[in-house]
Amino acid sequence: MAGPFAGKRGLVLGVANKRSIAWAIARRLSEEGAQLAFTYQGERIEKNVRELADQVSSPLVTACDVREDGDVQRVFSEAADAFDGGLDLLVHSVAFAAAEDLEGRFTDTPRDRFWLALDVSAYSLVGASRLAEPLMEAAGGGSILTMTYLGGERAVPHYNVMGVAKAALDASVRYLAWDLGAKNIRVNAVSAGPVRTLAARSIAGFTTMEDIVEERSPLRRHITADDVGAAAAYLLGDGAANVTGTTLYVDSGYHAMGM
């Protein structure tokens, strides 16, 4: 298939259903020529992910629990087999916090669920990047992209421990960019405004977040998963060859406002 990603091989972590931001990114990459592998978390969403992967003729759909090092290692080994030992693109759209920690006070977050949120939402990027490194080096370089949110920089009511996890993710992007840049591997993030995904439903007051962005952002409008897909394609593509360690905001400009 012709397109800016023709011949590129990518692994997408985090597709849950057709409304997922990760799926919007994957669809955009596939339309522009990329060949993609997918992971899913748990049997509950396996059918959804496999049906979506079939739409883009994926060579690999496999389970992955990012909390288990052996499982993640297996996934990258399978990706290496599927892609002849190379990898050009890694999309990391993985995050988790217990629902009860996204509605009360951050102060009340218990220790075990604090570390769970950071493990799944931030350390998983570190572990995945470490395993992607030799595959991308074999390909002559690559691009890694993760999904963050303004709640990692500012206090957003009810975002709580997920905001702390996103802050760790943001810092990880910068340090990974430094470590991997010598091998021509870029690491960036997209900070999206509120998008109606399955995960967003677990955040108390999500509709209020949408309303505030529409009211106070310079462009005064909502964003869609497809908007994020377009931004992701830029950061993953050759047009951003000298862009690394940065965050691209796709939030109608809301991040620029003081009030």
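Student: Before I start poking around: buried means under 20% relative accessible area, exposed over 50%, and partly exposed in between (1.4 Å probe, protein chains only). Which of those is Glu137?

Tutor: Glu137 is partly exposed, at a relative accessible area of 41%. Bear in mind that this is a predicted model, where local features need pLDDT of at least 70 and side-chain atom pairs count only at pLDDT 80 or more, while totals for chains, interfaces and linings use all residues. Residues are numbered from 1 along each chain as its sequence is written, and side-chain values use heavy atoms, with hydrogens and water left out.

Student: OK. How many salt bridges does a search of the whole structure find?

Tutor: The search turns up 13, counting a side-chain nitrogen of Lys or Arg within 4 Å of a carboxyl oxygen of Asp or Glu. Glu137 is in one of them, with the side chain of Lys183, at 3.6 Å from N to O.

Student: And where do Glu137 and Lys183 lie?

Tutor: Glu137 is in helix α4 (residues 111-138) and Lys183 in the loop between α5 (160-181) and β6 (185-192), so the pair ties together parts that are 46 residues apart in sequence. Helices (H or I, at least four residues) and strands (E, at least two) are DSSP runs, numbered from the N terminus. Lys183 is partly exposed too, with 31% relative accessibility.

Student: Which residues do salt bridges with shared partners join into one network?

Tutor: Asp71, Arg74 and Glu78. Within that group, the Arg74 and Glu78 side chains meet at 3.0 Å, N to O. Both residues sit in helix α3 (residues 69-82), and because they are four residues apart there, about one helical turn separates them. Arg74 is partly exposed at 27% relative accessibility, and Glu78 is partly exposed at 25%.

Student: Which residue forms a salt bridge with Arg28?

Tutor: That's Glu32, with the closest N and O atoms 2.7 Å apart. Glu32 counts as buried at 18%, whereas Arg28 is partly exposed at 30%.

Student: Back to Arg74. Which side chain does a polar contact of 2.8 Å join to Arg74?

Tutor: The side chain of Thr62. A polar contact is a pair of N or O atoms within 3.5 Å; within protein, one must be able to donate a hydrogen and the other to accept it, and residues adjacent in sequence count only if both atoms are side-chain atoms. Thr62 belongs to strand β3 (residues 60-63) and is buried, with a relative accessible area of 7%.

Student: What else is Thr62 in contact with?

Tutor: Taking contact as heavy atoms within 4.5 Å and leaving aside neighbours within four places in sequence, Thr62 touches Phe38, Thr39, Tyr40, Arg74, Val75 and Glu78. So both Arg74 and Glu78 from the α3 pair turn up in the Thr62 contact list.

Student: New topic: the loop between α3 and β4. What about Asp88, buried or exposed?

Tutor: Asp88, which lies in that loop just ahead of β4 (89-92), is buried at 7% relative accessibility. Its side chain has a polar atom 2.8 Å from the backbone nitrogen of Arg9. Asp88 and Gly10 are 78 residues apart along the chain, yet 5.8 Å separates their C-alpha atoms. Beyond four places in sequence, the contacts of Asp88 include Gly7, Lys8, Met136 and Ser143.

Student: And Ser217, where is that found?

Tutor: In the loop between α6 (206-216) and α7 (225-236). Ser217 is buried, with a relative accessibility of 0%, and its side chain reaches the backbone oxygen of Val213 at 2.7 Å. Outside four places in sequence, Ser217 contacts Ile212, Asp251, Ser252 and Tyr254.

Student: Last one: which residues of helix α2 are buried?

Tutor: Ile45, Val49, Leu52 and Ala53, in a helix that covers residues 43-55. An α-helix has 3.6 residues a turn, so residues three or four places apart point the same way. The cover over the buried residues of α2 includes α1 (21-31), β2 (35-40) and β3.

Student: What phi does Ser57 take, just after α2?

Tutor: A positive one, of about 50°.
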